[in-house]
Amino acid sequence: MSPLLPAGRSRSRAVRNSLSDSEPICWWLDDVDAPEPRERLTGSTRTDLAVIGGGYSGLWTALLAKQEDPSREVVVLEGKSLGWAASGRNGGFCSASLTHGQANGMDWYPEDMPRLERHGRNNLAGIVRTIEDFKIDCKLEKTGELKVATESYQIGDLAADYEQMLDFGDDAELLDQAGTRALVNSPTYLGALNGRDKTVLIDPARLVWGLAEACESLGVKIYENTHVDAMVSDGRDMVLTTPHGVLRAHRVALGTNAFPSLLKRVRPYVVPVYDYAMTTEPLSDAQMDTIGWKGRQGVSDAGNQFHYYRLTDDNCILWGGYDAIYHYGSRIDPVLDQRPQTFRTLSDNFFGTFPQLEGLRFTHTWGGVIDTCSRFFPFFGTGFGGRVAYAVGYTGLGVGATRFGAQVMLDLLGGEKTELTSLKTVRAKPVPFPPEPLRAGVINLTRWSAARADARAGHRNLWLRSLDRFGLGFDS
């Protein structure tokens, strides 16, 4: 077999065949061990802390709140089922980065970065410690992450990132082409940056389910299928109205992320972006031998439109990213979870990366909506005189950063100055997105420009250079 699949009919046929039997469902959520749904809220009750949202953001907030003060009553309200949205649909990369990469953090708040890097490392260690202490069966793998160059211009970018990682004391290695292909064998690889200590891999849905059990073991009450329709102030309480009940709370933490915030003034800062992924059937031992991957690292490439991919515990390959799709009017709709043209593009790129796996089939295809903001990492704030807090805008790194965001929300709700609330990163806001129709125009122009830069050896046009100057952009 030729080392590269031809880009014509043979590759098109391979793409069609690879998707012919795939199921339109998230691989992680298609699990026989998925828990039975919890009851919904009925009647009227009250609590010290209400947490809205049953994904990572909400569950970490509830867990940390009970660990901080076991006497505090905590209630989590989830509109559908735990982890059904971004928390259960992502690639399972859990990163120490709180700023969507060191370079992005340095562009925004260089004076905060030493502390943010320390907090990021401690945050990741806290996640691992929680998984181990509560015996959460989320297939934890301490593998690190490989960022690969597939175009010659990206090699210099990786070298610059490497020097910055060394400045921050990271365990990293810059690899040439041979060293990269010795770890994972693809004819497209020209070099890589191997970060060994700042990323772990997990099964994202199982982490959600395990965190929920950990919360309940400490006395947190969780309600599912309990959408909060309204939030109003009534004296010293916040009143949350749901279809079948009412919850009064002294404090409220919002973990709704990509979905429209109950604090309307937050909405202009966030846009929902659809990201897509697929999983293959399990690879045979012979197929594994052709790609190596003995270290089981998570992998991403260095393009503006980048892929992320990793092995599951039974040697399926999860392959996602590349397309970051915004729908006019910030539309969120279950029908958007499937996008055949994106899956065909992803499949074509997969066989371009691993031509030796021709004939492999994808078993699951899915998408999901994530929250992004113009600075690419979360921002924070309060409402109703400090009785409501939010953390939002994680832009694809929420698997890890939501735990940090949860602690920030608890500190903000506590009302006292802490090391976290004193950070400029926490006090400042990103630039809001413009209203429609300008919003869609700006985002789509940025996406087009990023794709054009990838096709032109990284050359960034005037629009991207202008955004760079102000630290702005659009990403997933």
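## A tour of one pocket and two cysteines

The second largest pocket has a volume of about 420 Å³. Keep in mind that this is a predicted model.

**Stop 1: the pocket centre.** Select T150, E151, D301, H307 and Y322. Of the 21 residues lining the second largest pocket, these five lie closest to its centre.

**Stop 2: the walls.** Now colour the elements that each give two or more residues to this lining. Two are strands: β14 (307-311) and β15 (317-325). The helices are α6 (153-167), α10 (340-353) and α13 (438-455). Which element gives the most to the lining? Pick α10: it gives four residues, the most for this pocket.

**Stop 3: the chemistry.** Colour the lining of the second largest pocket by residue type. You should find seven nonpolar, nine polar and five charged residues.

**Stop 4: the cysteines.** Leave the pocket and show the cysteine sulfurs. A disulfide is a covalent bond between the sulfur atoms of two cysteines. How many disulfides does the model have? With a cut-off of 2.5 Å between the sulfurs, the count comes to zero.

Select C26 and C316. C26 is in no disulfide. The sulfur of C316 is the nearest cysteine sulfur to that of C26, and it is 13 Å away. Is C26 buried or exposed? C26 is buried, with a relative accessible area of 3%.

Finish with C373 and C94. C373 is in no disulfide either. Its nearest cysteine sulfur belongs to C94, 19 Å away. C373 has a relative accessible area of 0%, so it counts as buried, the cut-off being under 20%.

Terms used:
Residues are numbered from 1 along each chain as its sequence is written. This is a predicted model: local features need pLDDT of at least 70, side-chain atom pairs count only at pLDDT 80 or more; totals for chains, interfaces and linings use all residues. Side-chain values use heavy atoms; hydrogens and water are left out. On a 1 Å grid over the protein atoms alone, a cavity is a set of points where a 1.4 Å probe fits but cannot get out, and a pocket is an open set with protein on both sides within 12 Å along at least five of seven lines; lining residues have an atom within 4 Å of a point. Grid points are joined across faces, edges and corners, and a volume is the space filled by probe spheres set on the points. Ala, Val, Leu, Ile, Met, Phe, Trp, Tyr, Cys and Pro count as nonpolar, Asp, Glu, Lys and Arg as charged, and the others, Gly among them, as polar. Buried means under 20% relative accessible area, exposed over 50%, partly exposed in between (1.4 Å probe, protein chains only).
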